Amino acid sequence: MKLGIAGIALRLAVIAAAAALALGAVNSVTAPVIKERKARELQEALSSLVESGTIGDKQVVEQHPVVQGFYPVSDEKGEPHAYILDLLSIGYGGEMKLLAAFSPNGRVESVVLMENEETPGLGKKAENPEYMEKYIGTGVDTPVPFRKDDLSREEADAVTGATITFRGIGTALSEGSEYVKEQLP
Amino acid sequence: MTAFQDFSKGLFKENPIFVILLGLCPALAVSNQVVNALGMGAGVIFVLLGSNIFVSLLKNFIPEKVRIPSYIVIIASFVTIVDLVLQAYLPTLSDSLGVFVKLIVVNCAILGRAEAFANRNNIGRSILDALGMGIGFTLGLVLIALVREVFGAGTITIFPMGSFDGVIRIPGLVDAPVMVLALAAGALLVMGYLKAFFNWLEMRRKGVRA
C-alpha cells in the first residue's frame, strides 16, 4: 500500500498521540508520589542541617546569581541563630542545588548537596556527608576552599576527577557566606 | 532459527556490548558500580522489551519513510516511563543513574534491535530477542562493572538488605585501589581488555591459533 505524505504524517501523529496519552497516564500516577518524596526529602535535609531551633518559612531572594532563598532558624527566644541558604551552583553536569547552614557571622556549619546531575562515582560523591567536612568551619577566619591549592594533599586527592564539582560547591558556599555577612542581620 | 536461539544469541554469540559493540556510551558511563550496572541493565531490558513488542505489533502500521522517528517515539515513551517510575519508587537508584536513564533513548542497542529484528519478525520472536539482548547487555555491563569496582575501588556494591549495607569490601584492595579503573579512562581499558579476551575465546573456538 502506498501512502501519501499526509497519510505518513497522520500515522506518525497517531503514534505520537498514543505515546503522549500513555505518558500522561503514568505521570498522573507518579507525579504526586514524586512531589511528596521531594517535599519529605527537603524537610529531612533541613532538619539534618541544624541541631536545634525552629526552621522558619523560606524567604525568596531575587536577583542573586547564587543565593535563591533562605530559611531563618531561630532559638527558643525567637532570636535568629542560624540561616539555611538555598544555593544554586554550576557543576560538571549542569546545575547543582545546595542547602547550607551558616551561623550569623558567615561560618559554614553544615552542607548537603541536593539535586544535581554530577557524574556517578565522581562528582556524585559530594552527596556523602564526609565530602562536606572540608568546608565546615570555614568562611570567617579561613576562607571557604574553592581551589585545589586551598586543600590538604589528602583532601585534594579525594576531589581528583571531580574538580569542577568541588569548585562549584566551594564558590557557592563562599558566595553564601558573603551574603550572610552582608545582607542578613 | 529456533526459539531458543532467538533468545540465546544475545547472550554470547551476538552480545550487544562485546560482539555488536552497541550501547557503549552508557555501558562505559554507568559501569563504575555493580548496582548501577544492574539498575541500568534492568532499565534497558524493560525498554527493549517494550519497544520490540510495539515495533513488532505496529510493523505494518508504521510507514517505511518515518520508521526511525516512530521507533524513537516508542523508545522515548518507555524511557520516560522508566524514569518516572524510578523517581517515584526507587529514588536512590534514580539519583545514582542520573542522566543515563534518559540516555537509554539514544542507546543504539535498542534502536538497533527495532530496526534489525522487531520490524521484520513476529511478536513472540521479538520478545525472545529483546530478553536475550537485554540480558546479554546486562551481563556485559555487570562484568565490566565488577572488574572496575573490585580493582578500582575494592568494593562490590549491591542492594542493601537488612543490616547489610550493600557494600562488600575486599580486604587489601579497599585501602589501595587501582584508581584509574574507576575513572573514565579505566572504563575504556577494561572494555578493551575484555573485548580482546572474548575475541581470543572466539578464535580458539574456531580453532585458529592466536
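**View 1. Val180(B) in a nonpolar surface patch of the predicted model.** In this predicted model, Val180(B) counts as partly exposed, because its relative accessibility of 37% lies between the 20% limit for buried residues and the 50% limit for exposed ones. Val180(B) is found in helix 8 of chain B, which covers residues 179-182. Together with Phe151(B), Val178(B), Leu189(B) and Tyr193(B), Val180(B) makes a nonpolar patch of about 470 Å² on the surface.

**View 2. The buried face of helix 6 of chain B.** Helix 6 of chain B spans residues 108-116, and its buried residues are Ala109(B), Ile110(B), Arg113(B) and Ala114(B). When the helix is seen down its axis, these buried residues fall within an arc of 135°, and therefore they line one face of helix 6. What covers the buried residues includes three other helices of chain B, namely helix 3 (34-57), helix 4 (67-89) and helix 7 (123-152).

**View 3. Strand 3 of chain A and its pairing with strands 1 and 2.** Strand 3 of chain A, made of residues 67-74, pairs with strand 1 (residues 54-55) of chain A in the antiparallel sense, over two bridges. Within this pairing, Thr54(A) stands opposite Ser74(A) of strand 3. Strand 2 (residues 59-60) of chain A also pairs with strand 3 in the antiparallel sense, again over two bridges, and here Val60(A) stands opposite Gly69(A). Strand 2 and strand 3 of chain A form a hairpin with six residues between the strands, in which Gln63(A) takes a positive phi near 60°.

**View 4. The hairpin of strands 3 and 4 of chain A.** Strand 3 of chain A is joined by seven bridges to strand 4 (residues 80-91) of chain A, and the two strands run antiparallel. One of the residues to look for in strand 3 is Tyr71(A), whose bridge partner in strand 4 is Ile84(A). The two strands form a hairpin with five residues between them, and in the turn Gly78(A) has a positive phi of about 90°.

**View 5. Arg167(A) and Ile90(A), set apart in sequence.** Arg167(A) has its place in helix 3 of chain A, which covers residues 163-183. Arg167(A) is partly exposed, because its relative accessible area of 44% falls between the limits of 20% and 50%. Although Arg167(A) and Ile90(A) are 77 residues apart in sequence, they are 9.0 Å apart in space, C-alpha to C-alpha.

Methods
Residues are numbered from 1 along each chain as its sequence is written. Chains are lettered from A and ligands numbered from 1 in the order in which they are written. This is a predicted model: local features need pLDDT of at least 70, side-chain atom pairs count only at pLDDT 80 or more; totals for chains, interfaces and linings use all residues. Side-chain values use heavy atoms; hydrogens and water are left out. Helices (H or I, at least four residues) and strands (E, at least two) are DSSP runs, numbered from the N terminus. Buried means under 20% relative accessible area, exposed over 50%, partly exposed in between (1.4 Å probe, protein chains only). Patches are made of residues with over 30% relative accessible area and no salt bridge: like charges are joined within 9 Å, nonpolar side chains (Val, Leu, Ile, Met, Phe, Trp, Tyr) within 5 Å. Accessible areas come from the Shrake-Rupley method with a 1.4 Å probe; for residues, only the protein chains shown count as cover. A salt bridge is a side-chain nitrogen of Lys or Arg within 4 Å of a carboxyl oxygen of Asp or Glu. Two strands pair if DSSP finds at least two bridges between them. The arc is that of the directions from the helix axis to the C-beta atoms. Contact means heavy atoms within 4.5 Å.
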